[in-house]
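This briefing sets out selected features of one protein chain for a reader working with the coordinates. The points are grouped by topic.

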Amino acid sequence: MITSNQEIPNDKEGESTLFTLKETLSKKHVFIIIALAIIFLFSYYFFLNPPRNFPKDKMMRIQNGDTARAVAESFGKEKIVRYPIVLINILLLSGQGKNIIAGDYFFSEPIGAFKVAQRIVTGEFDLTPIRVTIPEGMASFEMVKLFDNNFYYFDEKKFLKLAEEKEGYLFPDTYFIFPNATTEEIVGQLGGTFNAKVSKYEQKIKTSGKNIKDIIIMASIIEREAKKPEDKNLVSGILWKRFYIKMPLQVDAPFAYISNKNTYELTEDDLRQDSPYNTYRYLGLPPGPISNPGIESILAAISPKQSQYLYYLSDRSGNMHYAVTFEEHKRNKTLYIY
């Protein structure tokens, strides 16, 4: 029961108070949303959003002992991060400033500073081996184009200098090589594969009566002169026969090595060229291999097939034609070359 001196609440005043409360809460919500949006945008810009000019397929090397500041500054200089101070703060505030892992980091696509920090303290190098196939009979100067654009630390001049000493001993094969491999490591891997492959035939080499240098020089010629295994063995027998009877080898393959010309491009002047690789002018083997032979050519050089033939030629389709006498050889030239 309501007594006469009690005041009856005014419905309009209650509604006004409720409206004011809702309005205050609504303003707070808007303020919170705006604040959160600002924080998000700030975080996205500084921590998640990569620089616009982030380099594509960039390799970055962190040396042992590099400080967080040194790493951040080098990454900033190369546009991996927009502001080095942001990367420094991420590393220091997370307590990871002294846990940076040295190594080569490959950045194939743009990422933000937070992800950069995560990668360098977990050793996420993102290095995927690159498949490189070296065909049999490829010379070292031809290999350059296989490595030049794919390997970050590859040095063409250094490769040619190192490979010149190892011509013939850089085994043609399919390799999976990390993109941060140095020139020395690449040459070492190719040479190591040669040693591993050829070491299996040490006994054959010993019983052949030939030294490894002569075998590889001959194999490098065979690789360029014949394509089919049966032809390699016959050509080997013919060339070793010429070698032992003191007849010039008279092979065209070395001209591809000294003047980059094939059989059908050679002129009379080329055949008169004064070079120790010109087997028309000089007896015996060239001074070094002219290519890097595969195992079939090496085995053919070790164990040649004896025959009555002293001459051979390859037509434009790669088919071999053999002859016993020079007259037969000239006839084959007329039939299959001219």
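Is Phe-159 buried or exposed? With a relative accessible area of 0%, Phe-159 is buried, because the cut-off for that class is under 20%. The structure is a predicted model. The chain has 338 residues, and buried residues make up 39% of them. Its secondary structure consists of 14 helices and six strands. Among contacts between residues at least 6 apart in sequence, 64% join residues at least 24 apart.

**Aromatic pairs**

- The structure contains 17 aromatic pairs.
- One of them is formed by Phe-154 and Phe-159, whose ring centres are 5.3 Å apart; the planes meet at 50°, so the pair is tilted.
- Phe-154 has a relative accessible area of 9% and is therefore buried, and Phe-159, at 0%, is buried as well.
- Tyr-309 and Tyr-322 form a stacked aromatic pair, with 5.2 Å from centre to centre and 25° between the planes.
- This pair links distant parts of the chain, 13 residues apart: Tyr-309 belongs to the loop between α13 and β5, whereas Tyr-322 belongs to strand β6.
- The two tyrosines fall into separate accessibility classes: Tyr-309 is partly exposed at 23% relative accessibility, while Tyr-322 is buried at 18%.
- Phe-147, Phe-151, Phe-154 and Phe-159 are joined into a cluster by ring pairs.

**Strand pairing**

- Strands β5 (residues 311–314) and β6 (residues 320–323) run antiparallel and are joined by four bridges.
- Within this pairing, Tyr-311 has Ala-323 of β6 as its bridge partner.
- The hairpin of β5 and β6 has five residues between the strands, and Gly-318 in this hairpin adopts a positive phi near 90°.
- Strand β3 (residues 130–133) is likewise antiparallel to β4, and four bridges join the two.
- Ile-130 has Ile-177 of β4 as its bridge partner.
- Side chains alternate along β4 (residues 174–177): Tyr-175 and Ile-177 are buried and point to one face, whereas Thr-174 and Phe-176 point to the other face and are not buried.

**Helices α7 and α13**

- Helix α13 spans residues 295–302, and its buried residues are Ser-297, Ile-298, Ala-300, Ala-301 and Ile-302.
- These buried residues of α13 pack against four helices: α7, α8 (202–208), α9 (212–225) and α10 (229–244).
- Helix α7, one of these packing partners, covers residues 183–198 and includes Glu-185.
- Glu-185 is partly exposed, because its relative accessibility is 48%.
- The C-alpha atoms of Glu-185 and Phe-154 lie 9.7 Å apart, and the two residues are 31 apart in sequence.

**Second largest pocket**

- The volume of the second largest pocket is about 150 Å³.
- Its lining consists of Asp-57, Met-59, Phe-106, Asp-126, Thr-128, Ile-130, Asn-149, Asn-150, Phe-151, Tyr-152 and Pro-179.
- Classified by residue type, the lining has six nonpolar, three polar and two charged residues.
- Several lining residues recur elsewhere in this briefing: Ile-130 is bridged to Ile-177 in β4, and Phe-151 takes part in the phenylalanine cluster.

**Backbone conformation outside glycine**

- Asp-57, which also lines the second largest pocket, has a positive phi near 55° although it is a residue other than glycine.
- Asp-57 is located in the loop between α1 (11–48) and β1 (58–62).
- With a relative accessibility of 37%, Asp-57 counts as partly exposed.
- Lys-246 is not a glycine either, and its phi is positive at about 65°.
- The loop between α10 and α11 (253–258) holds Lys-246.
- Lys-246 counts as exposed, because its relative accessibility is 65%.

Methods: Residues numbered from 1 in each chain as written. Predicted model: local features only at pLDDT ≥ 70, side-chain atom pairs only at ≥ 80, totals over all residues. Heavy atoms only, no water. 1 Å grid on protein atoms, 1.4 Å probe; cavity = no way out; pocket = protein on both sides within 12 Å on 5 of 7 lines; lining within 4 Å. Points joined across faces, edges and corners; volume = space filled by probe spheres on them. Nonpolar A, V, L, I, M, F, W, Y, C, P; charged D, E, K, R; others polar. Buried < 20%, exposed > 50% of the residue type's maximum accessible area, 1.4 Å probe, protein only. Pairing = 2+ DSSP bridges. Contact = heavy atoms within 4.5 Å. Phe/Tyr/Trp six-rings, centres within 6.5 Å; stacked < 30°, edge-to-face > 60°.
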